[in-house]
Amino acid sequence: MLFEKIAAYYDRLESISSRLEMIDVLTEMLKETSEDDIREAIYMTQGVLGPPFAGIEIGIAEKLTEQAIERASGYKVSEIDANFKKTGDLGTSAGQFAEKSKLKRMSSNKFTVKETFDILLKIAVTSGSGSQDSKIRMMSELIASSSPNGAKYIVRFAMGTLRLGVGDATILEALSKAFTDDRKFKTELENAYNICSDLGEVGYILAKKGKKGIDGIKISLFKPIRPALAERLSTGEEILEKMHGKCSVESKYDGMRAQLHVDKKKGKVQIYSRRLENTTEMFPDICEAALREIDADSVILEGEIIAYDEVANIFLPFQETAQRRRKHEISAKAQSLPVYMFSFDLMYLNGHDYMEKEYSQRRMKLEEILKKGKMLRLADRKVVDSAKDLEKYFVNAIDEGLEGVVAKGLNSKYIAGARKFSWIKLKRSYRNELSDTLDLVIVGYYLGKGSREEFKFGGILCATYNDRKDVFETVTRIGTGFTEKLLEELREILSKIRTTGKPARVVSNVEPDFWVEPRYVVTVRADEITKSPTHTCGWNKHEDGTQYGYALRFPRIVSNGIREDKGAEEANTSHEVAEMYKLQKKTKLS
Ligand code: AMP
């Protein structure tokens with residue numbers, strides 16, 4: 001399929017205001033896409049150049065793109081730059097110059113989706129001397145061979161500003177509709193995606209081999225599994241009731257989640273983060289230890305990497321562990337700030353899938369293969385059958401400086417990519433009134449009045465993620481708590497992701513001055529969760545017969561910046577806010 005065609009679909013997607021319509025257009029697009037192009041068509045629609053663990057960053061600098069437009073259109077960089085200042089979007093500018101320069105166009109090549117993708121990939125990975133010029137050349141060729149509409153989307157994609165607002169769940173639903181007549185097949189597609197984390201691959205296999213092909217997608221080394229997530233409850237009693245009277249309680253370490261893939265014969269170890277990014281380079285010490293300490297040929301296991309101060313005998317907070325993100329400091333930090341990995345799950349062992357096995361069995365094997373572990377240790381745990389014992393374990397964990405505990409169902413499977421009651425967390429913060437913070441996604445912003453006017457910024461509209469409906473629901477407007485640094489950062493990044501209207505997957509009754517693509521997550525604290533006649537978070541007909549959503553009272557930002565470790569779909573869910581509202585009511589009564 002020619003890229004032009006997909007660009008026409010992108011244009012339609014952009015003007016849509018509901019998720020259902022979005023699915024219909026995507027379904028049509030996927031049906032029309034050939035097998036040869038489908039993998040790339042899916043990646044492009046996601047706005048990426050591969051799955052997250054491939055670690056390929058798109059993003060060509062503004063100045064280079066302007067030079068590429070100059071070469072393709074014959075207009076001068078100064079003219080292009082002036083136009084860009086007016087439109088605020090270099091994609092739109094590229095489209096306009098492509099339109100104006102129709103007669104001067106150098107190339108009449110038309111690229112397919114795959115060819116376009118391959119060139120963009122080449123642009124992304126080209127480095128070294130002379131690379132600037134080859135990037136400009138390749139980019140200008142792409143622009144010159146496109147229609148104005150195609151040029152617009154090529155530039156947006158390359159600059160990382162494609163604002164289609166299509167989520168993974170939306171693509172899965174469209175794939176299911178396009179290639180099967182079975183609505184329920186979406187669940188199987190989701191399962192396949194949860195174990196390979198590669199949506200392009202899932203789409204390609206479905207198009208090429210049909211349902212049978214999807215059955216054949218199995219857990220494999222060096223393809224990260226989408227992590228299991230925990231639900232939350234506020235007392236040992238509630239947890240034990242959910243767990244039918246008996247469960248395992250594990251210490252909850254506040255470090256960085258790590259999924260370790262080890263192939264001993266090849267001497268290969270890779271580490272993936274909660275967001276499935278490859279973080280191997282951050283932890284050379286853990287990689288060495290994995291080859292030395294794990295008693296197995298090949299394994300996929302999961303745990304929490306956390307820095308530990310041996311002199312003071314304390315676990316260090318997340319921020320300390322996260323310092324390893326700074327590349328140049330890694331080897332120095334490996335000396336001065338040793339980390340440990342506390343393993344808590346096992347998904348694959350010596351060629352066998354362990355995800356379907358019961359927790360007790362997985363844990364037993366984990367204990368066997370980590371017997372020699374020094375840097376790779378086991379997460380502490382205890383099997384309990386009374387709320388009193390669970391609470392006692394919890395209090396001990398807090399005394400040791402940990403964040404809380406995670407209870408696990410003894411017979412539960414490893415449920416990839418989902419928040420289920422087989423894991424339930426109990427954190428210190430749930431004990432006080434809403435002292436737990438919320439991670440919310442920004443969906444819009446307001447212009448400032450008064451002293452903020454010079455920043456042209458007056459606050460943000462934030463939403464939760466409704467994971468059941470795959471939409472974002474507004475929960476609060478926030479105008480306070482911003483440091484000047486964060487304010488600057490927000491002004492800069494939000495203006496780049498403005499959308500022309502409300503993004504299709506945002507459900508809202510309020511209208512900010514500008515809508516933005518739901519992409520950035522911030523951490524927020526509030527005094528209380530209240531019922532709201534306006535906000536759509538958790539909007540429902542409730543037990544008392546009335547309809548309402550939830551909102552936050554006195555919300556303020558607590559993070560110093562954007563939560564880079566979380567994507568939009570990893571914000572707190574609407575369902576969690578509804579649960580927190582209930583917990584809060586109970587705490588107040590007791
Ligand atoms: P939260 O980030 O608050 O939703 O809590 C879930 C996170 O706790 C997981 O993603 C892990 O990174 C972390 N964690 C720490 N210790 C454990 C444990 N023993 N079992 C499961 N998750 C744990």
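Reader: Why does Arg12 count as partly exposed?

Author: The model is predicted, and the value is computed from it. Arg12 has a relative accessibility of 36%. Buried means under 20% and exposed means over 50%, with partly exposed in between. So 36% makes Arg12 partly exposed.

Reader: How do you know that Glu28 and Arg12 meet in a salt bridge?

Author: Their N to O distance is 3.1 Å. The limit is 4 Å, from a side-chain nitrogen of Lys or Arg to a carboxyl oxygen of Asp or Glu. The pair therefore qualifies. Glu28, at 37% relative accessibility, also counts as partly exposed.

Reader: What makes this pair a tie between parts of the chain?

Author: Arg12 belongs to helix H1 (residues 3-14), while Glu28 belongs to helix H2 (residues 19-32). The two parts are 16 residues apart in sequence, so the salt bridge ties them together. The structure holds 44 salt bridges.

Reader: Why does the pair of Lys266 and Asp263 count as a salt bridge?

Author: The closest N and O atoms are 4.0 Å apart. The cut-off is within 4 Å, and the pair is counted as a salt bridge.

Reader: Are Lys266 and Asp263 buried or exposed?

Author: Lys266 has a relative accessible area of 66%. That is over 50%, so Lys266 is exposed. Asp263 stands at 12%. That is under 20%, so Asp263 is buried.

Reader: What makes Glu403 and Lys427 a pair that ties parts together?

Author: Start with the distance: the closest N and O atoms of this salt bridge are 3.6 Å apart. Glu403 lies in the loop between helix H18 (387-399) and strand E11 (404-408), and Lys427 lies in strand E12 (residues 419-427). These parts are 24 residues apart in sequence, so the pair ties them together. Both Glu403 and Lys427 are buried.

Reader: How do you know that domain 1 and domain 3 touch?

Author: The domain assignment gives domain 1 (3-159), domain 2 (229-430) and domain 3 (437-589). Six residues of domain 1 are in contact with seven residues of domain 3. Contact means heavy atoms within 4.5 Å. Domain 1 and domain 3 bury about 510 Å² between them, with 49% of it on carbon and sulfur atoms. Ser17, Arg19 and Met22 supply 70% of the area that domain 1 buries against domain 3, more than any other three residues. The centres of the two domains, taken over C-alpha atoms, are separated by 31 Å.

Reader: How many salt bridges are counted between domain 1 and domain 3?

Author: The count is one. Arg19 also meets Asp470 in a salt bridge, at 3.0 Å from N to O. That is within 4 Å, so the pair passes the cut-off. Arg19 and Asp470 are also part of a network of salt bridges, which includes Glu173, Lys186 and Glu190.

Reader: Why is the pair of Tyr308 and Tyr340 called edge-to-face?

Author: The structure holds 15 aromatic pairs. In this one, the ring centres are 5.8 Å apart and the planes meet at 80°. Centres within 6.5 Å make a pair, and planes over 60 degrees apart make it edge-to-face. So both values fit. Tyr308 sits in strand E5 (residues 298-309) and Tyr340 in strand E7 (residues 339-349), so the pair links distant parts of the chain, 32 residues apart.

Reader: What makes Tyr308 and Tyr340 buried?

Author: Tyr308 has a relative accessible area of 16%. Tyr340 has a relative accessibility of 7%. Buried means under 20%, so both qualify.

Reader: Why is the pair of Tyr414 and Trp423 edge-to-face?

Author: The centres are 6.1 Å apart, and the planes differ by 85°. The angle is over 60 degrees, so edge-to-face is the right term. Tyr414 is buried at 4%, and Trp423 is buried at 6%.

Reader: How do you know that Arg377 lies over the face of Tyr340?

Author: Arg377 is at 4.1 Å from the ring centre. The limit is 6 Å, with a further limit of 35 degrees from the ring normal. Tyr340 is also in an aromatic cluster with Tyr253, Tyr308, Phe315 and Phe342.

Reader: What makes the phi of His244 worth a remark?

Author: Most residues other than glycine have a negative phi. His244 has a positive value, near 55°. His244 is in the loop between helix H13 (236-242) and strand E2 (247-252). At 75% relative accessibility, His244 counts as exposed.

Terms used:
Residues numbered from 1 in each chain as written. Heavy atoms only, no water. Phe/Tyr/Trp six-rings, centres within 6.5 Å; stacked < 30°, edge-to-face > 60°. Helix = DSSP H or I, 4+ residues; strand = E, 2+ residues; numbered from the N terminus. Buried < 20%, exposed > 50% of the residue type's maximum accessible area, 1.4 Å probe, protein only. Domains from an automatic or database assignment. Buried area = accessible area lost by both parts, 1.4 Å probe.
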